[in-house]
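Here is a short tour for a reader who has not met this structure before. Start with the overall picture, then follow the details.

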Amino acid sequence: MMWAIFSILVENKPGILFAVTHMFRARNFNIDSIAVGVTDNPKYSRMTITTFGDEKQLEQIRKQLDKMIDTIKVRRLDEHKTVYRELAIFKIRVADAKENMEVNEMIKAFGAKAHDSRRDSIMAELTATPDQIRAFQELASRFGIIEMARTGIAALQRSGS
C-alpha cells in the first residue's frame with residue numbers, strides 16, 4: 001500500500017464535492033484527507049485528496065476521477081516534486097508554569113504559533129507536513145491533548161515538474 005496525493009481541478013458548482021466523495025465511497029476507497037478551495041479563477045476549485053492503495057487501485061481512482069463530467073484536470077502528484085502542507089490546531093493541557101514553558105519551547109522548535117494561553121491549556125497552530133504534525137502530536141500527547149483539528153493537505157506541484 002502506498003500513499004498518494006491527487007490534485008483535481010473541478011468546475012466550481014454545487015454537488016461536485018458530493019460527486020467526488022461518492023465515487024470514492026462507491027468503489028470502497030478511503031479518503032485520508034481532503035481540502036477544497038476556489039482557485040484564482042472563481043469558475044474552478046481545486047481538490048487535494050490523499051488516499052492509500054496499491055498501484056492498480058490508485059490508477060483506477062485517477063481514471064474514475066478523470067471520467068467525471070465536472071472534472072477539468074486530474075493529476076497524481078509526486079510527493080518529491082510537490083510542496084504539500086496541512087494546518088493543525090492543538091489544544092494542549094498544561095498543569096503548571098513549568099509545563100507551559102515546556103510546551104511553548106516545543107511550539108517554537110516546530111515553528112508553530114502559540115495562541116490562547118490559559119492557566120490550564122495552550123493552543124498551538126502548526127502548518128507542516130503530515131509527518132511533522134504526527135511528530136508534534138506524539139510529543140504533545142505527553143502533556144495531554146484536549147482537542148485537535150486538522151485541515152487536510154493542500155498541495156501544488158513544483159514548477160518544471
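Among contacts between residues at least 6 apart in sequence, 73% join residues at least 24 apart in the protein chain. The model is predicted. The chain has 161 residues, and 36% of them count as buried. Along its principal axes, the C-alpha trace spans about 55 × 35 × 35 Å.

## Elements and domains

The secondary structure comes to four helices and eight strands. From the N terminus on, the order of elements is β-α-β-β-α-β-β-α-β-β-α-β.

The domain assignment gives two stretches: domain 1 covers 2–77 and domain 2 covers 83–157. Their C-alpha centres lie 28 Å apart. The contact takes 10 residues from domain 1 and nine residues from domain 2.

## Where the domains meet

The size of an interface is often given as the accessible area lost when the parts come together. Here, domain 1 and domain 2 bury about 710 Å² between them. Carbon and sulfur atoms carry 62% of that area. Which residues of domain 1 lose the most area to domain 2? They are Trp3, Thr48 and Leu77, which together make up 41% of what that side buries.

How many salt bridges does the rule find across the interface of domain 1 and domain 2? The count is zero. Polar contacts do occur: two residue pairs are counted between domain 1 and domain 2, both at pLDDT 80 or more. On the side of domain 1 that touches domain 2, the elements giving two or more residues are strand 1, strand 2 (33–38), strand 3 (44–53) and strand 4. The residues of that side divide into five nonpolar, three polar and two charged.

## Thr82

Thr82 lies in strand 5. Is Thr82 buried or exposed? Its relative accessibility is 3%, so Thr82 counts as buried. Buried means under 20% relative accessible area. A polar atom of the Thr82 side chain lies 2.6 Å from the backbone oxygen of Asp78. Leaving out residues up to four places away in sequence, Thr82 touches Leu77, Ala155, Leu156, Gln157 and Arg158. Leu77 also appears among the three residues of domain 1 that lose the most area to domain 2.

## Salt bridges

The structure holds 10 salt bridges. Three of the pairs are set out below, with the distance from N to O.

| Pair | Distance |
|---|---|
| Lys13 and Asp70 | 3.0 Å |
| Glu59 and Arg62 | 2.6 Å |
| Glu147 and Lys91 | 3.2 Å |

Take Lys13 and Asp70, whose side chains meet in a salt bridge. This pair links distant parts of the chain, 57 residues apart. Lys13 sits in the loop between strand 1 (2–11) and helix 1 (16–26). Asp70 sits in the loop between helix 2 (55–67) and strand 4 (71–77). Lys13 counts as partly exposed because its relative accessibility is 37%. Asp70 has 17% relative accessibility, so Asp70 counts as buried. The pair also belongs to a network: Glu11, Lys13 and Asp70 are linked by salt bridges.

The salt bridge between Glu59 and Arg62 stays within one element. Both residues lie in helix 2, three residues apart, about one turn of the helix. Glu59 is partly exposed because its relative accessibility is 29%. Arg62 is partly exposed too, at 23% relative accessibility.

Next come Glu147 and Lys91, whose side chains meet in a salt bridge. What does this pair tie together? Glu147 lies in strand 8 (residues 145–157) and Lys91 in strand 5 (residues 82–93), so the salt bridge joins parts that are 56 residues apart in sequence. Glu147 has 47% relative accessibility and therefore counts as partly exposed. Lys91 is partly exposed as well, with a relative accessible area of 25%.

## In brief

The chain is assigned two domains, which bury about 710 Å² between them. No salt bridge is found across their interface, while the structure holds 10 salt bridges.

Terms used: Residues are numbered from 1 along each chain as its sequence is written. This is a predicted model: local features need pLDDT of at least 70, side-chain atom pairs count only at pLDDT 80 or more; totals for chains, interfaces and linings use all residues. Side-chain values use heavy atoms; hydrogens and water are left out. A salt bridge is a side-chain nitrogen of Lys or Arg within 4 Å of a carboxyl oxygen of Asp or Glu. Buried means under 20% relative accessible area, exposed over 50%, partly exposed in between (1.4 Å probe, protein chains only). A polar contact is a pair of N or O atoms within 3.5 Å; within protein, one must be able to donate a hydrogen and the other to accept it, and residues adjacent in sequence count only if both atoms are side-chain atoms. Contact means heavy atoms within 4.5 Å. Domain bounds come from an automatic or database domain assignment. Buried area is the accessible area (1.4 Å probe) that two parts lose on being put together, summed over both. Ala, Val, Leu, Ile, Met, Phe, Trp, Tyr, Cys and Pro count as nonpolar, Asp, Glu, Lys and Arg as charged, and the others, Gly among them, as polar.
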